Amino acid sequence: MNPAPITTSVFDLFKVGPGPSSSHTIGPMKAAFDFRQRLAQLSDDELQRTDAIHIQLYGSLSATGKGHGTDRAIVAGLLGWQPETSDPDELLRLLKDPTVTYPVQVRDRVFCVRPEHIYFNRKRYESPYANTMVLQLTGAQGVITEEEYYSIGGGFILRKGEPAESETSRSINLPYPYSSMNELKAQLKQNKLELAELMLANEMAVTGQSRKEINQRIDDSLEFMHKAVRRGLRHKGVLPGSIKLHRKAPVLYKQARGLAQSSDSFLIFLNAYCLAASEENAAGGIVVTAPTSGASGVIPGLTYLAKHHFHYDKTTLRNGMLAAAAVGFLVKHNASISGAEMGCMGEIGTASAMGAAFLTYAAGHKIDAVESAAEIGIEHHLGMTCDPIGGYVQIPCIERNAMGAVKAYNAFLLATSGTPSFQKISLDSVIKVMKATGRDMSTKYKETSEAGLALSATEC
Ligand code: SF4
């Protein structure tokens with residue numbers, strides 16, 4: 001059987017929600033919300049026999065969930081909050097006072113959730129994914145019902161027993177199915193299509209929305225990204241958490257404006273834009289996953305640059321976003337975009353490859369150059385570890401977004417100077433290498449903060 005085609009929506013890849021980590025914040029919030037909905041389906045008899053909700057966290061959710069705000073996100077989801085409409089300030093207030101209890105109403109029953117109902121388990125739990133959470137409803141006789149969820153990166157979740165995307169995707173009738181870059185290129189050639197047209201046609205089939213609606217949603221996603229950049233350029237001070245890291249974006253922005261004629265100013269502007277969005281993410285602000293929250297500074301920084309420095313119009317920006325989405329889909333489908341599965345090459349590496357594809361396609365280049373740029377973007381992030389200090393999405397994450405964007409820019413330059421077909425490694429091959437490297441990488445380097453930079457915390 002051929003691999004199942006990709007049926008992810010552009011707007012599942014570019015998701016609006018609160019930072020700082022899509023797998024630790026958006027995913028758990030969605031899982032808790034789903035659990036709450038399922039509890040409402042229980043019979044009266046079952047509900048009467050229950051008295052408490054317990055949340056078991058495993059893997060990287062347990063190791064770095066505190067720093068990433070996983071506990072707050074779960075309480076928010078149980079209270080019925082959704083990532084795209086949550087107020088970041090209210091979210092930050094949750095669990096601040098350990099004596100406060102949070103009433104979770106399920107029909108006529110109210111369950112009081114407190115911090116001690118959330119367990120950051122250190123023991124190993126047999127599960128197919130690194131980020132696992134088990135939500136339980138208990139009574140006098142023990143567990144009455146439970147659901148096991150996996151947060152698989154970028155805010156995507158799976159529930160145990162639910163068909164994976166590869167199984168459900170076969171039922172969607174896509175006009176141009178593909179599961180690899182090779183198949184995507186074959187579809188473009190056979191149907192004499194441009195990449196953006198193919199992506200739009202598939203998106204219409206996946207979402208059932210019109211071209212106009214999809215274009216508007218892409219514009220909205222860009223606006224959410226750019227709002228995060230603008231907020232980050234204004235906000236000064238220290239980021240939340242024990243590291244006491246100072247925000248840097250406003251300083252860089254001021255510096256770049258003062259250097260308008262210098263050759264460095266272009267890079268400093270780009271650094272400022274990427275840091276601005278990433279610092280907003282670290283502060284728990286509303287960001288857009290691209291493809292994750294940890295990596296939500298790369299595409300906003302590059303698109304902000306393209307809009308305000310290159311003066312690209314809306315259509316060019318939209319087309320570039322669709323090219324970026326195509327690359328994000330291929331990595332998500334054939335490897336993983338999760339730091340807990342792939343290390344940082346899955347997050348910043350993917351974002352950088354998406355950014356390279358955005359720049360290349362928006363500059364008017366064809367699919368071979370887009371592939372080449374994305375391949376270079378991933379190739380030079382292979383093996384990059386995820387070891388955030390203190391479990392906060394701050395060091396190395398914030399600067400890493402700026403570095404990912406600069407590499408994306410250079411990947412674009414390298415891919416568009418010379419003949420793309422001379423590129424020896426295909427995008428499909430490098431994604432396979434990423435997957436194999438991620439599997440070989442010790443879990444110590446996959447968002448657990450047990451090694452690497454995370455151990456230098458005492459120096460901070
Ligand atoms: S090091 Fe990279 S993968 Fe890990 S949390 Fe930071 S941005 Fe995400």
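Here is a short chat about a ligand shell and two helix pairs in a predicted model.

Modeller: A quick note first: residues count from 1 along each chain as its sequence is written, and side-chain values use heavy atoms, without hydrogens or water. As the model is predicted, local features need pLDDT of at least 70, side-chain atom pairs count only at pLDDT 80 or more, and totals for chains, interfaces and linings use all residues.

Biologist: Which residues surround the ligand?

Modeller: A residue is near the ligand if one of its heavy atoms lies within 4 Å of it. The residues that surround the ligand are Gly294, Cys344, Glu347, Cys386, Pro396, Cys397, Arg400 and Glu447.

Biologist: Which elements give two or more residues to that shell?

Modeller: Helices here are DSSP runs (H or I, at least four residues), numbered from the N terminus. The elements asked for are helix H16 (344-362) and helix H18 (397-416).

Biologist: How many residues of the shell are charged?

Modeller: Asp, Glu, Lys and Arg count as charged; Ala, Val, Leu, Ile, Met, Phe, Trp, Tyr, Cys and Pro as nonpolar; the others, Gly among them, as polar. The shell has four nonpolar residues and one polar. The charged ones number three.

Biologist: Are H11 and H12 roughly parallel or antiparallel?

Modeller: Axes are lines fitted to C-alpha atoms over the stretch in contact, with angles from 0 to 180 degrees between N-to-C directions. Those of H11 (residues 249-258) and H12 (residues 265-282) come within 8 Å and cross at roughly 160 degrees. Angles over 145 degrees count as roughly antiparallel, under 35 as roughly parallel. H11 and H12 are therefore roughly antiparallel.

Technical notes: Angles under 35 degrees count as roughly parallel, over 145 as roughly antiparallel, 65 to 115 as roughly perpendicular and the rest as oblique.
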